[in-house]
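Welcome, and please load the model in your viewer. We will go from one selection to the next and look at what is there.

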Amino acid sequence: MPSETPHASSAQLGEAFAEVDPTGRYGRYADLLGSGAVKKVYRAFDQEEGIEVAWNQVNLLKFNDDPVVIDRLYSEVQLLSTLKNGNIVALYSVWKDSKHGTLNFITEVCTSGNLREFRKKHRHVSLRALKKWAKQVLVGLEYLHTHEPCIIHRDLNCSNIFINGNIGQVKIGDLGMAAITGNSHVAHSILGTPEYMAPELYEEDYTEMVDIYSFGMSLLELVTNEIPYSECENVVKVYKKVTSGIQPQSMNMVTDPEFKAFIQKCIAKPRARPSATELLSDPFFSEVSD
């Protein structure tokens, strides 16, 4: 029986890796795909499968060396690696690098980047196409919210919803900061992007319904091509409007009554908000096939 072919070296691949994971399977290139406050995302390669992937690197030093927070983050990302859904960005591997103070995880990469960039690039998108994207996001949310235990994304917005633009396939990503709740479905820490955060998130007592609110605001952005509350000069003004129940001015830009009514459902008071499952059976999606 022939022996298994060893991994090709970075020199043979033609481009040197800046770093390789402990198993030697994944190689990270130097170029960034994106970066945030605590995380950088690099282009990488899965030598085993011969596919491009994303190497996510979280700087654990940002968490002030709190071992409880770091251990929880690690265990939550490990759980996320077990998720299997076509509308969730797949997470393949996770490990801690104690020497460099980083948490690393490998995810699938979508060909056309995030929905915000994609929508800006393609300004003429039909309402039917927007519905198709929205439905796929809801399928992903339904999977997270009905999972045991329930998973709340907490930071859903158009910058962490990704798309394979050649086939119109949409996937929810950036799950590394998701909250995994018990039977109560209640979480308590403040996290998110202010323009997309439900009012109850600021009260530190909320359920998965915060994701439905964020989904509504994301849909508003997709329709108007404008970030909600862009009329506000700073985060404090956004907070005041959100907690006072004042809707973003961009809602006035939504001319289609069906779209406006659907967004209003999603950003209603927590108890009045439909679940992802209920929204998927809404007549709003009647013309969108699976």
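Helices (H or I, at least four residues) and strands (E, at least two) are DSSP runs here, numbered from the N terminus. You are looking at a predicted model, where local features need pLDDT of at least 70, side-chain atom pairs count only at pLDDT 80 or more, and totals for chains, interfaces and linings use all residues. Residues are numbered from 1 along each chain as its sequence is written, and side-chain values use heavy atoms, with hydrogens and water left out.

**Stop 1: the largest pocket**

Select Lys-39, Val-41, Ser-159, Phe-162 and Asp-174; of the 42 residues that line the largest pocket, these lie nearest its centre. A pocket is found on a 1 Å grid over the protein atoms alone, as an open set of points with protein on both sides within 12 Å along at least five of seven lines; a cavity is a set where a 1.4 Å probe fits but cannot get out, and lining residues have an atom within 4 Å of a point. The space in this largest pocket comes to about 1,000 Å³. A volume is the space filled by probe spheres set on the grid points, which are joined across faces, edges and corners.

Which strand gives the most to the lining of the largest pocket? Colour S4, which supplies 5 residues. Strand S2 (26–35), strand S3 (39–46), strand S4 (51–59) and strand S6 (102–108) each provide at least two. By class, the pocket lining holds 20 nonpolar, 15 polar and 7 charged residues. Ala, Val, Leu, Ile, Met, Phe, Trp, Tyr, Cys and Pro count as nonpolar, Asp, Glu, Lys and Arg as charged, and the others, Gly among them, as polar.

**Stop 2: the loop before S6**

Next, pick His-100, in the loop between strand S5 (91–97) and S6. His-100 is exposed, at 53% relative accessibility. Exposed means over 50% relative accessible area, buried under 20%, and partly exposed in between (1.4 Å probe, protein chains only). Add Leu-60 to the selection: His-100 and Leu-60 are 40 residues apart in sequence and 8.9 Å apart in space, C-alpha to C-alpha.

**Stop 3: helix H2**

Now show residues 67–80, helix H2. Its 14 residues reach 20 Å from first C-alpha to last, close to the 20 Å expected at 1.5 Å a residue; the expected span is 1.5 Å times one less than the number of residues. Show the side chains of Ile-70, Leu-73, Glu-76, Val-77 and Leu-80, the buried residues of H2. They cover an arc of only 130° around the axis, so they sit on the same side of H2. The arc is that of the directions from the helix axis to the C-beta atoms. Turn the helix to find the exposed Pro-67 and Val-68 on the face away from the buried side.

**Stop 4: the largest cavity and H5**

Select Leu-115, Ala-134, Val-137, Ile-161, Phe-215, Ser-218, Leu-219 and Leu-222, which line the largest cavity. Helix H4 (127–145) and helix H5 (209–224) are the elements that give two or more residues to this lining, and H5 gives the most, with 4. The volume of the largest cavity is about 40 Å³.

Stay with H5: 16 of its 16 residues are buried. Just after H5 comes Asn-225, whose phi is positive, near 60°.
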